[in-house]
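This report is meant for a reader who is meeting the structure for the first time. Please keep the sequence and the model at hand while going through the sections below.

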Amino acid sequence: MEQKQTINFGAGPAKLPQSVLLQAQKELLNYSGLGISVLGSDLCLHRDIPDNYKVLFLQGGGSGQFSAVPLNLIGLKEDRCADYLVTGTWSAKAAKEAEKYGKVNIVHPKLESYTKIPDPSSWTLNPSASYVYYCCNETVNGVEYNFTPETNGVVLISDMSSNFLSRPIDVSKVTVKQIFLFLFVLFQTGVFDSSAGVTVVIVREDLLGHALKECPIVLDYKVQAEMNSLYNTPPCFRSVGGMRASLYNAVTLEDTAALADYMKVFLKEHQLTN
Ligand SMILES: Cc1ncc(COP(=O)(O)O)c(C=O)c1O
């Protein structure tokens, strides 16, 4: 059956060349000859996220979340303090950012170098901390946790920017143990712009609505959850009197001619006559 091709002039996920789409189609069932589907592993993750979690697609990259986490969650308990495990440069940056908004307790003796995870027996967790923060895989230093930290019921924040989807995460199983309550990840897609693509935040519903009053509205998880992550103006924005067509590299000359034809028809149909 002959298929009609729809031309995408959207500024968001832009048009991809046909050859790229065909390659992706081929690899959907068998990625790089490995016999597994990337899509399949992604679906596994979704299946494992319980209904009482929100999945947010945000801007600002991992660094944005270094601020968003304390702004949203350090006020969960009245002491306004948080426990941090600092095992590399990313968690060090996150802890430094959190210091602006509350009291930060580094739970283990200071590390001379970032080469291993300090033994949990050396940790001093504060039971009145609003959350415990760790970076699951320190990308720069190459230090990865092979276990989920036990926090005795305190909210756990995991930066999974560089190991998300590298293995299944059974969020529901750990939820039962009341430890794995939140995680954030980011996709450095490079597709949308030269910096990080979209940051995925998976957050348990009852943790929404505790943001500090100084939290910028775009970083407020509750606001973003209520707006289906669309607080910012969507790329295909249509205002009164205007429509946007984006002409990126993969949009062909024929596509552009089709757009011009459509614009002429549109003009004829909608032109105001005095
Ligand atoms: C583990 C981890 N966390 C946070 C970040 C910071 O992300 P961004 O550069 O998007 O702010 C990175 C970046 O590579 C990272 O690898």
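A crossing of two helices is called left-handed if the near helix is turned anticlockwise from the far one by less than a right angle, and right-handed if it is turned clockwise.

## The model as a whole

The structure shown here is a predicted model, and its chain has 7 helices and 9 strands. Of the 274 residues in the chain, 26% count as buried. If one takes the contacts between residues at least 6 apart in sequence, 67% of them join residues that are at least 24 apart.

## Two helices that cross

Helix α3 covers residues 61-73, while helix α4 covers residues 89-98. The axes of α3 and α4 come within 8 Å of each other and cross at roughly 40°, which makes α3 oblique to α4. With the definition given at the start in mind, the crossing of α3 and α4 is right-handed.

On the α3 side, the residues that take part in the contact are Gly62, Phe66, Ser67 and Pro70, and they meet Trp90, Lys93, Ala94, Glu97 and Ala98 on the α4 side. Divided by class, the residues of this contact are 5 nonpolar, 2 polar and 2 charged.

## Alanine 98

Alanine 98, which is found in helix α4, is one of the residues that meet α3. Is alanine 98 buried or exposed? Alanine 98 has 23 other C-beta atoms within 10 Å, and because 20 or more are needed for a residue to count as buried, alanine 98 is buried.

Leaving aside the neighbours within four places in sequence, alanine 98 is in contact with Pro70, Ile74, Ala82, Tyr84 and Val104. The C-alpha atoms of alanine 98 and leucine 71 are separated by 8.1 Å, although these two residues lie 27 residues apart along the chain.

## Around the ligand

Which residues are the closest to the ligand? The ligand is surrounded by 11 residues, and the closest of them are Gly61, Gly62, Ser63, Thr139 and Ser161. Helix α3 gives the largest share of this shell, namely 3 residues. Gly62 is thus named both among the closest residues to the ligand and among the α3 residues that meet α4. By class, the shell around the ligand has 4 nonpolar, 6 polar and 1 charged residues.

## Two positive phi angles

Most residues other than glycine have a negative phi. Against that background, two residues of this model may be looked at in turn.

Arginine 80, found in the loop between α3 and β2 (81-84), has a phi near 50°, a positive value in a residue other than glycine. Arginine 80 is partly exposed, with 16 other C-beta atoms within 10 Å.

Asparagine 152, in the loop between β6 (143-144) and β7 (155-159), is not a glycine either, yet has a positive phi of about 55°. Asparagine 152 is exposed, with 9 other C-beta atoms within 10 Å.

## Asparagine 228

Where is the place of asparagine 228? Asparagine 228 sits in the loop between α6 (221-226) and α7 (253-270). There are 10 other C-beta atoms within 10 Å of asparagine 228, and this residue is therefore exposed, since a count of 12 or fewer is the cut-off for that class. Asparagine 228 and valine 55 are 173 residues apart along the chain, while their C-alpha atoms are separated by 8.9 Å.

Conventions:
Residues numbered from 1 in each chain as written. Predicted model: local features only at pLDDT ≥ 70, side-chain atom pairs only at ≥ 80, totals over all residues. Near = placed C-beta within 6 Å. Helix = DSSP H or I, 4+ residues; strand = E, 2+ residues; numbered from the N terminus. Nonpolar A, V, L, I, M, F, W, Y, C, P; charged D, E, K, R; others polar. Axes fitted to C-alpha atoms, helices over the stretch in contact; angles between N-to-C directions. Parallel < 35°, antiparallel > 145°, perpendicular 65-115°, else oblique. Contact = placed C-beta atoms within 7 Å.
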